[in-house]
Structure formats: structure tokens, C-alpha cells
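Hi,

Here is the structure I said I would pass on. Have a look at it first, and then read my notes below.

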Amino acid sequence: MLKRSQLRIAKRTVDALRVAEKDTLFWDRDLAGFGVRVHATGRKVYLVQSRGPAGLKRVSLGRHGELSPDEARKRAAAAIDRIKRGEAPVEATVAPVTVAELAERFMRFYVAIHLKPKTAIVGGGVGEKSDRAGVGRKNGRGCWAR
């Protein structure tokens, strides 16, 4: 599956990693499946690769600098365990969004920018209409799924 490396992922070693042309993966010698991807641009990302009941999975844990190697190693061990049990490798951290919040975002980020002022006034009641219908409190996740 993975080629064992003699590299121990630590801050000093990750800082020293460089690549010339294309992305390269460097694997840790202590924790199988834990590694660092070094992009040609110099960006470094911690990742996990493991095989579970659903097959091979590769998951990004976070960027080097935002995440310390020790914290990445802890997250990697937990992710590998979850993959082997057949669960999602990382837990979802996104809070559910209501339909009213989606309508408000639409008005602020799309209508205000892309429509003429008079048209925006006519369509301005989108969020209010959904609230009156009782839809605004419902979870907006997957509302466009068919």
C-alpha cells in the first residue's frame, strides 16, 4: 500500500521539505498512512491515507503552519481509526443553515450586486415571504437536491 519512509514528520523536517516540479508525498515512519504533500508552489498539507471497508481513502487534515505536526499526528490517528471502522474520516463541522438564512444571503450577495436597484426592490421580499409561509425555520441543507 504505502512505501515506508525513514522520515519522521516534525516541524523542522517539514519546514525543510522542498520539491522541484510536481507534488510529492512524504510518509511518516512512525504512523503508517500519515504524510505530508508538498506542492510545487511550496504549500504543505498534512494528509491521511488508509484502507477501510469502502476501499482506499485519502483525506486532507490541514495546512502546515495552521496545524502543528503533533496535532496533525493526533488527528491522523483518529482519522485512520474511523476509516478502518467504515465511518466518515473527519466529522462535519458545518452548522445547518435555515431557508431564511439562505434567502438573506441571496439578497445580500447576489441581488444587491447583480440586479438593478428597482428590480432588487421588487424581489426584496424573498426572505419575508418564506418566513410567512413557515419555511424559513426549516433546515436548508440539500434543498436543491433532486
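**What I found**

Buried residues account for 32% of the 146 residues in the chain. Keep in mind that this is a predicted model. The mean pLDDT of the chain is 81, and 77% of its residues reach 70 or more. Confidence is not even along the chain: it is highest in strand β2 (residues 34–38), with a mean of 94, and lowest in helix α5 (residues 126–132), with a mean of 53. Please read α5 with that low mean of 53 in mind.

Now for the overall layout. There are 5 helices and 4 strands, and going along the sequence they come in the order α-β-β-β-β-α-α-α-α. If you take the contacts between residues at least 6 apart in sequence, 44% of them join residues at least 24 apart. The chain exposes about 10,400 Å², and 53% of that comes from carbon and sulfur atoms.

The strands are a good place to start, β2 in particular. Of its 5 residues, 4 are buried, so β2 is largely enclosed by the rest of the structure. It pairs with two other strands:

- Strand β1 (residues 24–27) is antiparallel to β2, with 4 bridges between them. T24 sits opposite V38 of β2. The hairpin these two strands make has 6 residues between the strands, and G33 there takes a positive phi near 100°.
- Strand β3 (residues 44–52) also runs antiparallel to β2, joined to it by 5 bridges. Here V38 stands opposite K44 of β3. This hairpin has 5 residues between its strands, and G42 in the turn has a positive phi of about 105°.

So if you click on V38, look for T24 in one direction and for K44 of β3 as well.

Then there is helix α3 (residues 99–114). How far apart should the ends of its 16 residues be? At 1.5 Å a residue they should span 22 Å, and the end C-alpha atoms are 21 Å apart, which agrees. The helix does bend, though, by about 35° at M107. M107 is also one of the buried residues of α3, along with V99, A100, A103 and V111. As a reminder, an α-helix has 3.6 residues a turn, so residues three or four places apart point the same way. Try colouring the buried set, V99, A100, A103, M107 and V111, when you look at α3.

That is what I have for now. Shout if anything is unclear.

Cheers

Methods:
Residues numbered from 1 in each chain as written. Predicted model: local features only at pLDDT ≥ 70, side-chain atom pairs only at ≥ 80, totals over all residues. Heavy atoms only, no water. Buried < 20%, exposed > 50% of the residue type's maximum accessible area, 1.4 Å probe, protein only. Contact = heavy atoms within 4.5 Å. Areas by Shrake-Rupley, 256 points an atom, 1.4 Å probe, with all protein chains shown as cover. pLDDT = per-residue confidence, 0-100. Expected span 1.5 Å × (residues − 1). Bend = angle between axes of the 7 residues up to and from the residue. Pairing = 2+ DSSP bridges.
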